[in-house]
Every structure is written in structure tokens, then in C-alpha cells.
Amino acid sequence: MEKEKYVAYVSTYTQGDNHGIKIYDVDMENGRFIEKDQVEITNSSYVTISHNEKYLYSITDFGVEAYQIRKDGGLELLNFAPINGMRGCYLSTDYTDSFLFVAGYHDGKLTVLKLKEDGSIGEITDEIFHKGLGSLADRNFRPHINCARMTHDNKYLLVADQGMDHVNVYRFDRKTGKVLLADVIHSAIESAPRHVKISRDGRFIYIVHEWKCYIDVYSYTEKKGQPMFEKIQSVETAQLERGSSNATSALSFSEDHRYLLSTVAGDNSAVLFSVDESTGMLTKIFCLPISGEYPKDAILFPNNKFLVSLNHESNDMTFFHVDVENGTMIMNGPPIEVNVPNCITFHRIEK
């Protein structure tokens, strides 16, 4: 039986290097990366792959870029599109790959763009500036959108606003590409909701909070045309202590959705949870150090046997053997140097 092959795309800031996306062949047996290629792009702060797995989209200065994914995992530029605002920090597609959503941390702006049949990016269909004042006359005194993700039924767009401590729920018009506020999921004051993930069956919503280091789990249903969210669990990613500088950053599902992974800057750790797919509930497996500074993103290999952490301030990636049954994580070889890494995603290469 032929083994599945994967590539990994790593997005980076371009400080002295104009290649903002690094492409690696994934060694699934040994849990390591082999450098394959790099793409010339400025400040790729986030990348996402379309649901049909044909295209990759990336943040870049002043807009977004679209790439066709070649059979070998290489990337071919399709086009660039402006977003009429400051550089974004996150992007995702709807479940028909007809629209692209861009979250703007710096200007608190949500941008919706039309996607063409060939995967290229078209015109802006909607723009929303979040408004208001947060709880602190500091970093979050104004809106900072950090994530925008569709519910699996393709009806509602969940937009996490770190500055305002809530997730806006927008009703999405799939014909016009317009959004309309339908609900608000409120988080604790000064908690800073950062990322949103959704269970494989779409019934559960996971919101990670950067400042207060916890994940909220919500059930999601729709009744009489209205979205309904009920909090069913809150779990710590790290214990908050007086004087602590801990901040939670990453949130990613394993490929089979049996595990949810987060990272904590400050104590620089990876936190792994098992997921009860019937109830949505999380159970912590371990919280262990990643041997780097500021693990901005991390992901389990598709076989759940290895883990890689992107360490934003130590400028490297660290690799680990993972034993989910025994709750252990052991370093797997030396770090790989990569300048200010931001985001990682795996892609399975077609045979």
C-alpha cells in the first residue's frame, strides 16, 4: 500500500528575506521536514487552503494573493487583490469556495471578496469596520479582528474581535456576499478571543482566548432561522498567576479531529486535548514545553505521532514525538531555522 505524501506550507514575516511562504516535504515516518521550495511574497501572516484543496490563499502587504496548488505541492501565483485597508492577519473561504473572508487586526475591518471559478480573487463584496471601545486604554482599547470562519452549514460567519472581547455572528448571503449581524457571543472582559475552530460535524464551536488562557466550547444549532449558541465547557490552556506574561496563541485540530492543539507564549508550551466528538467536550492530555520562544502556531502531523511548533521569536521550528496514550512529548531532532514564522498548514499530495 502506497503511503500518503504531504507538504507543509509555512507563512512568515519577511524581515531581510522576500520569500514569505516556505514549502517543505513532510517526512511522515521520521516526523521531520525537508525544504522543498519558497515563494516570493511579503509578510505572509496567514495562509489557508480552499475546501476543494486546489488553491492556497495568503495575506500579503495591502491585500491577498491566490495560488494554484500544483500536483507536487508547489504553488503557482494566480493573482493579487487589494482589501482596501491595512494588512490582514487571517483569512478563510466559505464552504463552497465562492468567497474569501479577511480579518484585519490593525484596523478592525472584515473584508469579503468574491472568488472566481479558476480560484483567483475577484471584487470586494462587503466591508465591515467593527466599532467601539474595549476595557483597557491599552492594546485592546479598540476593535482588533483576529479570525473569521464560517459555520459548516455555510450560514453564519464567526468573527473574533480581541479588542472588544466578543465574537460577532454574521448572517451570510451566499448570493451577494454580504453579511448582516445576527448575534454576539460575549467573552469575559479582557480575555481577548483569538481563534475559532469548529468540530468536524459542525455542532460545536471552540474559541481560544489569548489573554486569559482558556478555551470556551459552545454547542451550535439553528432554530427558526436563528443561530443558537450554548456554552458547555471552559478549559484552561495555562494557569494564570500574578505577574504572569502567558498568552495563548494557536488553535488547531488534528486531521482526524480527535485532538485539539493549542500553544501558550510566556511559559512556551504546547497544550493537547482529546475531543469527545459526541459531546464536544475537551480533556487535557498534556501541557509541555516546546523548546522555543513564542509558539505562534503548532500542528500535529496527520498520523498524530509527531508535532511541530512554529516559534515566532526564536526564529525556528521544533519537532517532537507525541504519545497521546501516555501523554508524553519528546524532542525529535534539532530545530529548523525559519525567520519569524506565523502559520502552518499541511496539504496531502494527490497520487
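This report describes the nonpolar cores, one sheet, the salt bridges and two loop residues of a predicted model.

The model is predicted, so that local features need pLDDT of at least 70 and side-chain atom pairs count only at pLDDT 80 or more, while totals for chains, interfaces and linings use all residues. Residues are numbered from 1 along each chain as its sequence is written, and side-chain values use heavy atoms, with hydrogens and water left out.

**Cores.** The largest nonpolar core (buried Ala, Val, Leu, Ile, Met, Phe, Trp, Tyr and Cys residues joined through side-chain atoms within 4.5 Å) has 58 residues, and those with the most contacts inside it are L56, V64, L75, L100, I121, L157 and I205. Buried here means under 20% relative accessible area, exposed over 50%, and partly exposed in between, with a 1.4 Å probe and protein chains only. A second, separate core has 18 residues, among them Y24, V26, F33 and F301.

**Sheet.** Four strands (DSSP runs of E, at least two residues, numbered from the N terminus) form an open sheet in the order β12-β13-β14-β15, with antiparallel pairing; two strands pair if DSSP finds at least two bridges between them. Its edge strands, each pairing on one side only, are β12 (145–150) and β15 (178–186). Strand β14 (residues 166–173) is joined to β15 by eight bridges in the antiparallel sense, and V167 stands opposite I185 in β15.

**Salt bridges.** The structure holds 12 salt bridges, each defined as a side-chain nitrogen of Lys or Arg within 4 Å of a carboxyl oxygen of Asp or Glu. Three of them are listed here.

| Pair | N to O distance |
|---|---|
| K109 and E127 | 3.1 Å |
| R194 and E210 | 3.1 Å |
| D216 and K231 | 3.6 Å |

The last pair listed, D216 in strand β18 and K231 in strand β19 (residues 226–236), ties together parts that are 15 residues apart in sequence. D216 is buried, with a relative accessible area of 1%, whereas K231 counts as partly exposed at 45%. Both R194 and E210 are buried. K109 is buried at 2% relative accessible area, while E127 is partly exposed at 33%.

**Loop residues with positive phi.** Most residues other than glycine have a negative phi. N84, in the loop between β7 (75–82) and β8 (90–93), has a positive phi near 60° and is exposed, with a relative accessible area of 56%. N268, in the loop between β21 (259–265) and β22 (269–275), has a positive phi near 50° but counts as buried at 9% relative accessibility.
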